Amino acid sequence: MRLPESWTERMPFLEALGEDWQPVPLAVMIIATGFYVLFLFEAARGSGPLLMIDLVFIPVHEGGHLLFHYLGNEFLMVAGGTLMQLGAPLMLATWFIFHRQVPGTAFCMFFFFEQFLPISIYMADARAQELPLLTVGDSDFVIHDWNYLFGHLGVLDHDIQIAHAVRVIGWIGMVATVVWMVWRSLQDRQNLDEDRDSRRASSQ
């Protein structure tokens, strides 16, 4: 992908996006694809050891509340948990994109979209408030994020529908990420083979 020169002149850091992606070894692509397929299977089933990665995002979520607390806005503080939960893998994906690394980009984007699943469960509980809640600090002062957020946005009665849409987006995003990774890896291998054949032809 070649960016317009006007963009790169104003923002030189974008020049990296015009470079080719680094090639992905065939073994890495096969192992990664197998991992993602297994993860998707466990996610569809709703149980499995790979799903324990969601535990990693719990302190990230809670840390988001603490970080956005310093902005002095209660709405942002409550939303900050989800913002950090999604922002962390998205920022890491951006780093890998600028370094043109396919596996790292795919991994971070896959789990960016995967987090839509637990978020959707939390959203769907906005009115019922039956899920056990975790908090950092005073346990007597616990806010159900999505009851609060949906209530302030005036969409609390639509929590189930919104949660369903978020879950669908998560699944589409995860599958699309795996498809992109496989396509990008095979495309790079094809380009390498064509370059090799071209060099051989020119040397003869």
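What follows is a chat between a colleague and a modeller about reading helix packing, burial and backbone angles in a predicted model.

Colleague: Let's start with the overall layout. How many helices and strands does the protein chain have?

Modeller: Eight helices and zero strands. Reading along the sequence, you go α-α-α-α-α-α-α-α. Keep in mind that this is a predicted model.

Colleague: And what share of the 204 residues in the protein chain is buried?

Modeller: Buried residues come to 36%. As for contacts with a separation of 6 or more, 66% of them link residues 24 or more positions apart.

Colleague: Can you show me a pair like that, far apart along the chain?

Modeller: Here's a pair to look up by distance: V179 and T33 sit 146 residues apart along the chain, and their C-alpha atoms are 9.1 Å from each other. V179 belongs to helix α8. With 52% relative accessibility, V179 counts as exposed, because the cut-off for exposed is over 50%.

Colleague: Now the inside. What's the general idea behind a nonpolar core?

Modeller: In soluble globular proteins, nonpolar side chains tend to be buried together. In this model the largest nonpolar core has 38 residues, and the members touching the most others are Y36, F110, M123 and W146.

Colleague: Which elements give two or more residues to this core?

Modeller: Those are α2 (26-45), α4, α5 (102-114), α6, α7 and α8 (159-203). The largest share, eight residues, is from α5.

Colleague: W146 was on your list of well-connected members. Which residues does W146 touch, leaving out those up to four places away in sequence?

Modeller: W146 touches T82, I119, Y122, M123, A126, G151 and L156. W146 is also one of the buried residues of α7, along with D145, Y148, L149 and F150.

Colleague: D145 and L149, W146 and F150: I notice the spacing in that list. What's the general idea there?

Modeller: An α-helix has 3.6 residues a turn, so residues three or four places apart point the same way. Try that on the buried set of α7, which includes W146, L149 and F150.

Colleague: How do I read the way two helices pack? Take α6 and α7.

Modeller: Look at the closeness of the axes and the angle between them. The axes of α6 and α7 come within 8 Å and cross at roughly 70 degrees. That makes α6 roughly perpendicular to α7, since 65 to 115 degrees is the range for that label. The crossing is right-handed.

Colleague: Which residues of α6 and α7 meet?

Modeller: On the α6 side, I119, Y122 and M123; on the α7 side, D145, W146 and F150. By class, this contact has five nonpolar residues, no polar ones and one charged.

Colleague: At what angle do α4 and α7 pack?

Modeller: Helix α4 (residues 74-98) and helix α7 (residues 145-153) pack at about 130 degrees, with axes 10 Å apart. That makes α4 oblique to α7. Here the crossing is left-handed.

Colleague: And which residues make the contact of α4 with α7?

Modeller: From α4 you have E74, F75, V78, A79 and T82, and from α7 you have D145, W146, Y148, L149, H152 and L153. The class count is seven nonpolar, two polar and two charged.

Colleague: What about the stretch leading up to α7? Is H144 buried or exposed?

Modeller: Buried, with a relative accessible area of 4%. H144 lies in the loop between α6 (116-124) and α7. Leaving out residues up to four places away in sequence, H144 touches Y122, D125, A126, Q129 and L133.

Colleague: Last topic: phi. What should I expect?

Modeller: Most residues other than glycine have a negative phi. Two residues here have a positive phi although they are not glycines: R100, at about 60 degrees, and Q129, at about 50 degrees.

Colleague: Where do R100 and Q129 lie?

Modeller: R100 is in the loop between α4 and α5, and Q129 is in the loop between α6 and α7. R100 is buried, with a relative accessible area of 5%, whereas Q129 counts as partly exposed at 42% relative accessibility.

Colleague: Which glycine follows α7, and what is its phi?

Modeller: That's G154, with a positive phi near 75 degrees.

Note on methods. Residues numbered from 1 in each chain as written. Predicted model: local features only at pLDDT ≥ 70, side-chain atom pairs only at ≥ 80, totals over all residues. Heavy atoms only, no water. Axes fitted to C-alpha atoms, helices over the stretch in contact; angles between N-to-C directions. Helix = DSSP H or I, 4+ residues; strand = E, 2+ residues; numbered from the N terminus. Parallel < 35°, antiparallel > 145°, perpendicular 65-115°, else oblique. Left-handed = near helix turned anticlockwise from the far one by under 90°. Contact = heavy atoms within 4.5 Å. Nonpolar A, V, L, I, M, F, W, Y, C, P; charged D, E, K, R; others polar. Buried < 20%, exposed > 50% of the residue type's maximum accessible area, 1.4 Å probe, protein only. Core = buried A, V, L, I, M, F, W, Y, C linked by side-chain atoms within 4.5 Å.
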